[in-house]
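The following paragraphs walk through a protein model, from its surface to the packing of its helices. Please keep the sequence and the structure in view while reading.

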Amino acid sequence: MQNKKNRPVYLNLFQIRLPVGGVASIVHRATGAVLVLLLPFALDLLQRSVQEPAAYAEIAGLLGTFKGRILLLGTVWIFAQHFFSGMRHLLMDVGIGDDTATARISAWLTFVASGSVALLTGICL
C-alpha cells in the first residue's frame with residue numbers, strides 16, 4: 001500500500017487554471033525566449049540592409065507585403081509584451097504593486113498595453 005502514495009501524479013496542464021499573473025509571467029518568459037531566437041535573424045537583416053541600397057530596398061519590399069506586415073506586427077507585440085511585463089516585474093521587485101489585487105490589475109494592464117501598441121502599429125502600417 002505504501003508504493004501507491006509515492007507514485008507520480010498525472011497533471012493535465014490544460015485543466016489547470018492559472019491566475020492572470022501566472023499567465024503574464026509565463027508569457028513574459030516565452031516572449032523573452034522568442035526575442036532571443038529572433039535576434040540572429042534581425043541582426044542578419046540589419047547587416048544586409050546597411051550594405052547596399054538594393055538590399056535595403058529588397059528588405060523594405062519584403063516587409064511591405066502582407067506576410068511581412070503580419071511578421072512585423074507580431075514582433076512589435078512580442079517586444080511590447082516583454083517590455084511591459086518586465087516593467088511590471090521590476091516594479092513588483094521593489095515592492096510596488098505586489099499585493100494581490102494590484103498584481104492582478106497590473107497583469108491585465110500588460111496585456112492591454114501590448115495589445116494597444118500592436119493595434120496602433122497596425123493602424124500606422
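The text below takes up a surface patch, a pair of helices and a salt bridge in turn.

This is a predicted model, in which local features need pLDDT of at least 70 and side-chain atom pairs count only at pLDDT 80 or more, while totals for chains, interfaces and linings use all residues. Residues are numbered from 1 along each chain as its sequence is written, and side-chain values use heavy atoms, with hydrogens and water left out.

On the surface, Val9, Leu11, Leu13, Ile16, Leu18, Val23 and Ile26 make up a nonpolar patch that together offers about 690 Å² of accessible area (by the Shrake-Rupley method with a 1.4 Å probe, counting only the protein chains shown as cover for residues). Such patches consist of residues with over 30% relative accessible area and no salt bridge, where nonpolar side chains (Val, Leu, Ile, Met, Phe, Trp, Tyr) are joined within 5 Å and like charges within 9 Å. Leucine 11 sits in the loop between α1 (2–5) and α2 (20–51), helices being DSSP runs of H or I with at least four residues, numbered from the N terminus.

The axes of α2 and helix α5 (residues 100–124), which are lines fitted to C-alpha atoms over the stretch in contact, come within 8 Å and cross at roughly 45°.

Within α2, arginine 48 and aspartate 44 lie 4 residues apart, about one turn of the helix, and their side chains meet in a salt bridge at 3.4 Å, N to O (a side-chain nitrogen of Lys or Arg within 4 Å of a carboxyl oxygen of Asp or Glu). The structure holds 1 salt bridge.

Note on methods
Helices (H or I, at least four residues) and strands (E, at least two) are DSSP runs, numbered from the N terminus. Axes are lines fitted to C-alpha atoms, for helices over the stretch in contact, and angles run from 0 to 180 degrees between N-to-C directions.
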